[in-house]
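Me: I've got a protein with a ligand to get my head around. Can we go through it with a few questions?

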Amino acid sequence: MTWKTAVAAVPYGGAKGGIGCSPGDLSRSELERLTRVFTQKIHDLIGTHTDIPAPDMGTNSQTMAWIFDEYSKFHGHSPAVVTGKPIDLGGSLGRDAATGRGVMYATEALLAEYGKSISGSTFVIQGFGNVGSWAAQLIHEKGGKVIALGDVSGTIRNKAGIDVPALMKHRNEGGQLKDFHGAEVMDASELLVHECDVLLPCALGGVLNRENAPDVKAKFIIEAANHPTDPEADEILTKKGVVVLPDIYANAGGVIVSYFEWVQNIQGFMWEEEKVNMELHKYMNSAFQNIKAMCKSQDCNLRMGAFTLGVNRVARATILRGWEA
Ligand SMILES: NC(=O)c1ccc[n+]([C@@H]2O[C@H](COP(=O)([O-])OP(=O)(O)OC[C@H]3O[C@@H](n4cnc5c(N)ncnc54)[C@H](O)[C@@H]3O)[C@@H](O)[C@H]2O)c1
């Protein structure tokens, strides 16, 4: 997260924390109690100017609402202590879609470098949760053809392009992917090696490894999930000429809009959704240009360029503050 926020030029550091459980197996009241007890344990470690949690896999705006409420019992009304909150509790418009929207902007910027666009490309997406479903909807809106898609409830394909809004409706009504009528069911193990222009892993880490990397047919991989490509796969893909857009840039849209939410909470002022999306676009494009310039000056690939950019920024700040050893 530290390198990600540095690449995005957001004035945050970075950390991750979590609870080892399967949220899907817990009732709403169990989830609430678990989140509140977790917050009681960490309330002295987090804070408006110390550490600001946000949703990730297995959590959502309701989880953030419980954190905000529990934290406020100890420290007084503090909406800025947590981001990704429901809009009614000071959440930002556009936060729910932010990571997926950032993925779409990142994809657009990368494809443009190669004279391509979303509308002329085919996409395969793993994961249909927060990130995957928003990325799929926004890519579909831009005219991109999502030809295969999978989550824990099934893996499906349609050469002519999946009707993503219809799939969203099906899922929101409680349907499983495998029961969607607008596509045929396929083997989950074939998803990541399916023919396509752009592959978007939007689920788990480590899904691209030395076993499946040699068979990947995509020309571009957008790392919407965190660390979906293990180092061996990265080497194999680079040798094959596959262009990999690294996670520390590709999925930074979520933390960028978390930053916007924090800014709004501190200002006590709510931005319109249009402004949120416009600012997100600016941040994503500017980060892409900076990574590109780094790749050019260091003659390196996008992952090395992004890390060099992030690490250099943190190093510069460290030296300026007089912290060097
Ligand atoms: N939510 C954010 O703002 C955010 C920001 C940055 C990065 N990420 C990363 O993006 C990824 C997805 O996060 P999310 O918030 O969308 O999570 P989520 O819990 O909303 O959705 C996860 C999705 O992955 C699917 N999935 C789980 N196991 C799978 C498997 N074995 N095969 C296929 N699909 C599987 C689930 O069915 C679900 O559709 C994670 O790696 C997360 O760390 C999320």
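Me: How far does a backbone N or O atom of Val-152 lie from an oxygen atom of the ligand?

Reply: Keep in mind that this is a predicted model. A pair of N or O atoms counts as a polar contact within 3.5 Å. For Val-152, the backbone atom and the ligand oxygen make such a pair, and the distance is 3.1 Å.

Me: And how much of the ligand's area does the protein bury?

Reply: Start with the ligand taken alone, which exposes 830 Å². With the protein there, the part of that area that gets buried is 80%.

Me: Which elements give two or more residues to the shell around the ligand?

Reply: The shell first: 20 residues surround the ligand, and Asp-56 and Thr-99 are among the closest. By class, they're nine nonpolar, eight polar and three charged residues. The elements giving two or more of them are α4 (95-113) and α5 (130-141).

Me: Where does the ligand lie relative to the two domains?

Reply: Look at who gives residues to the shell. Domain 1 (23-95 + 252-299) does, and domain 2 (97-250) does too. So the ligand lies between them.

Me: Now the open sheet of seven strands: which strands stand at its edges?

Reply: Read along the order, β4-β3-β2-β1-β5-β6-β7, with mixed pairing. A strand at the edge has a single partner, so one side is left without a neighbour in the sheet. That fits β4 (184-185) and β7 (243-245).

Me: Which residue in β6 does Leu-199 stand opposite?

Reply: Strands β5 (residues 198-201) and β6 (residues 220-222) run parallel, joined by two bridges. Opposite Leu-199 in β6 stands Ile-221.

Terms used
Residues are numbered from 1 along each chain as its sequence is written. This is a predicted model: local features need pLDDT of at least 70, side-chain atom pairs count only at pLDDT 80 or more; totals for chains, interfaces and linings use all residues. Side-chain values use heavy atoms; hydrogens and water are left out. A residue is near a molecule or strand if one of its heavy atoms lies within 4 Å of it. A polar contact is a pair of N or O atoms within 3.5 Å; within protein, one must be able to donate a hydrogen and the other to accept it, and residues adjacent in sequence count only if both atoms are side-chain atoms. Accessible areas come from the Shrake-Rupley method with a 1.4 Å probe; for residues, only the protein chains shown count as cover. Helices (H or I, at least four residues) and strands (E, at least two) are DSSP runs, numbered from the N terminus. Ala, Val, Leu, Ile, Met, Phe, Trp, Tyr, Cys and Pro count as nonpolar, Asp, Glu, Lys and Arg as charged, and the others, Gly among them, as polar. Domain bounds come from an automatic or database domain assignment. Two strands pair if DSSP finds at least two bridges between them.
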